[in-house]
Structure formats: structure tokens, C-alpha cells
Amino acid sequence: KPDESEEWIFLSSKDADLRSMEEARAAFAKHQPTHVIHLAAMVGGLFRNMKYEADFLRENLLINDCVLHCSYEFGVQKCVSCLSTCIFPDRTTYPIDETMIHNGPPHSSNFGYAYAKRLIDIQNRAYHEQYGCHFTSVIPTNIFGSFDNYNLEDSHVIPGLIHKCYLAKQAKAELTVLGSGKPLRQFIYSLDLAKLLLWVLREYDEIEPIILSVGEEDEVSIKQVAEMIAEAMDLKTPLAFDTTKSDGQFKKTASNAKLKR
């Protein structure tokens with residue numbers, strides 16, 4: 001529910017380059033936030049991650065350091081950062097939960113991004129132990145929703161498939177899905193995630209991260225996602241799967257048991 005005592009300020013990369021400590025400090029000095037939801041990141045889909053591992057590592061390390069250190073310097077009461085289920089070990093047992101983040105290396109397809117995001121959890125603990133800061137993090141599963149990135153070069157799977165389906169329908173051509181379509185994913189709608197982020201900001205008191213996800217039973221294959229999009233967009237041509245392209249991590253089934261408690 002809206003809280004009229006709260007004033008919300010929304011910043012984008014146009015307002016400050018958060019890779020720069022100088023610009024980050026200027027933004028914090030201007031707005032003097034009491035609470036921060038840290039969503040800033042260099043992001044992209046599977047193939048962009050594979051192409052720019054060093055950039056994903058370095059840029060996200062810089063962003064995270066600037067945001068968290070400024071939150072400390074400016075006395076932010078609570079900072080909630082956003083991680084990803086891709087940070088979990090590639091070789092693990094399922095379902096994965098919040099205690100398993102650092103149990104082994106992440107999948108090789110996005111190790112740069114994954115390690116940078118993992119380190120937020122380490123930073124949260126370090127700032128809490130040394131300075132008493134209330135910094136925590138959330139781990140959402142794959143997000144989709146309005147105003148997504150539909151660029152075919154660097155989008156995530158759902159907006160990418162929507163764009164491809166649109167082009168296939170215009171050309172009356174088959175919809176080509178990169179990979180086998182067999183990998184499994186859990187998806188969360190952006191508005192539902194936003195509501196959960198507000199709950200975390202207002203009610204969740206732990207420093208340890210929390211997974212924000214639909215249930216394990218709601219996991220679907222990429223093939224199923226492509227079929228649902230094709231049906232919703234009334235695509236009449238068939239689907240094709242380009243198995244010469246990488247599937248990425250086969251599954252990363254996450255438990256939402258902690259959220260449901």
C-alpha cells in the first residue's frame with residue numbers, strides 16, 4: 001500500500017554514472033536518501049554475457065562499490081541490492097536456496113556477472129560487521145514485464161522471443177529459438193517483484209539475502225515459453241531450434257521457502 005510519508009526518487013544512468021565514485025557521491029549528496037533500492041547494473045542475455053565477461057565483471061564491481069560505499073558514507077538506513085539466480089554454483093543440488101551462493105563456481109557462460117553480483121553479499125556482510133550498516137539483497141528469478149529491453153543483441157529470453165516472434169510473423173517465417181529449448185527457468189513478473197521489493201525494504205530485517213521467486217512447480221522450459229509467446233501472438237508458422245547455439249545453464253531451480261515463511 002502507498003505510504004504518504006515516503007518520498008520516492010527514481011534515478012537512471014542519465015542522472016549519474018554510478019561507475020564513478022565522484023558522480024555517485026554527487027547523486028547521494030543531492031538527494032540525501034534514507035533508503036536505497038540498488039538496481040543499477042550492466043546486464044544482458046546469455047550471448048552478451050559470454051562475449052563481454054570482463055566488462056560484466058569490472059563494470060558491476062565498480063557500480064556496486066560506489067553505491068554501497070556511498071550508502072555507508074551518507075548514512076543510508078537500509079540498502080537493498082538486487083542479485084540473480086545465475087550467481088549460484090553450476091554444479092549443485094536442487095532446489096537452490098540462500099545458503100548455497102558461495103558453494104562453488106557459477107556457470108562459465110556468465111561468470112563475470114555472477115562473481116560481481118556474489119560480492120554484493122560479501123560487501124553487505126562486511127559493511128554490517130565493520131560499520132553496523134543495514135545492507136541486504138534479494139535474488140529474483142528471471143524477470144519479465146513492461147518496458148523491457150527488446151534488443152535482439154542483448155535482451156533476456158522473454159523480450160527477445162517476443163521481438164523474434166513479431167519479426168517472424170511479419171515475414172511469415174518460422175520462429176528460430178537459439179539453443180535446444182530444453183533449459184528450465186522460473187519467471188517473475190516485474191510488477192510482482194516490485195511489490196516484493198517494497199516488502200523487503202520495509203519489513204525484511206536480515207542481512208542474508210532472500211530469494212524472490214515463484215514456486216518450483218512453476219518452472220517452465222524455454223520451448224514452452226516460446227510456444228506460449230507464439231500462441232499469444234497468433235503465430236501461424238512453426239518453431240525451429242538452433243542447436244548450434246549454447247543453452248547456457250540447464251536449470252537453476254530456486255526455492256522460495258524462506259519467502260513463504
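Methionine 21 sits in helix α1, which covers residues 21-31; helices here are DSSP runs of H or I with at least four residues, strands are runs of E with at least two, and both are numbered from the N terminus. The model is a predicted one, so to speak of local features a pLDDT of at least 70 is needed, side-chain atom pairs count only at pLDDT 80 or more, and totals for chains, interfaces and linings use all residues. Residues are numbered from 1 along each chain as its sequence is written, and side-chain values use heavy atoms, with hydrogens and water left out.

Leaving aside residues up to four places away in sequence, methionine 21 touches Asp65, Cys66, His69 and Cys70, where a contact means heavy atoms within 4.5 Å. The C-alpha atoms of methionine 21 and valine 67 are 8.3 Å apart, with their positions 46 residues apart along the chain. For the protein chain as a whole, take the contacts with a separation of 6 or more: 79% of them link residues 24 or more positions apart.

Now for the overall picture. The protein chain has eight helices and ten strands. Its radius of gyration is 19 Å, which agrees with the value near 18 Å that a compact globule of 261 residues would have; the radius is taken over C-alpha atoms, and the globule rule is 2.2 Å times the number of residues to the power 0.38. Laid along the principal axes, the C-alpha atoms fill a box of roughly 55 × 40 × 40 Å. Of the 261 residues, 44% are buried, meaning under 20% relative accessible area, with exposed set at over 50% and partly exposed in between (1.4 Å probe, protein chains only). The accessible surface of the protein chain is about 14200 Å², and carbon and sulfur atoms hold 53% of that; areas come from the Shrake-Rupley method with a 1.4 Å probe, and for residues only the protein chains shown count as cover.

On to the sheet. Strands of a sheet pair through backbone hydrogen bonds, either parallel or antiparallel. Here, four strands make an open sheet in the order β1-β2-β3-β8, with parallel pairing; two strands pair if DSSP finds at least two bridges between them. The edges are β1 (35-38) and β8 (210-212), each of which pairs on one side only. From one strand to the next, the twist averages 25 degrees; axes are lines fitted to C-alpha atoms, for helices over the stretch in contact, and angles run from 0 to 180 degrees between N-to-C directions.

Going across the sheet, β1 and β2 run parallel and are joined by four bridges. Valine 36 stands opposite cysteine 79 in β2, and histidine 38 stands opposite serine 81 in β2. The side chains of β1 alternate: Val36 and His38 point to one face and are buried, whereas His35 and Ile37 point to the other and are not.

What about β2? Five of its five residues are buried, so β2 is largely enclosed by the rest of the structure. Both of its faces are covered, with Lys78, Val80 and Cys82 buried on one side and Cys79 and Ser81 buried on the other. β2 also pairs with β3 in the parallel sense, over four bridges, and cysteine 82 has valine 138 in β3 as its bridge partner. Between these two strands the chain passes through α4, and this β-α-β crossover is right-handed: with the strands pointing away from the viewer, the path from the first strand over the helix to the second runs clockwise. Helix α4 (residues 111-131) lies across β1, β2 (78-82) and β3, and runs at about 155 degrees to β3. At the far side of β3 (residues 135-140), three bridges join it to β8, again in parallel, and proline 140 has leucine 212 in β8 as its bridge partner.

A few backbone details round things off. Tyrosine 94 and proline 95 are joined by a cis peptide bond, with omega at about 5 degrees; proline 95 lies in the loop between β2 and α4. Glutamine 32 is not a glycine, yet has a positive phi of about 50 degrees. Glutamine 32 belongs to the loop between α1 and β1 and is partly exposed, at 47% relative accessible area. Lysine 172, also not a glycine, has a positive phi of about 55 degrees. Lysine 172 is placed in the loop between α5 (157-171) and β5 (175-178), and with 71% relative accessibility this lysine counts as exposed.
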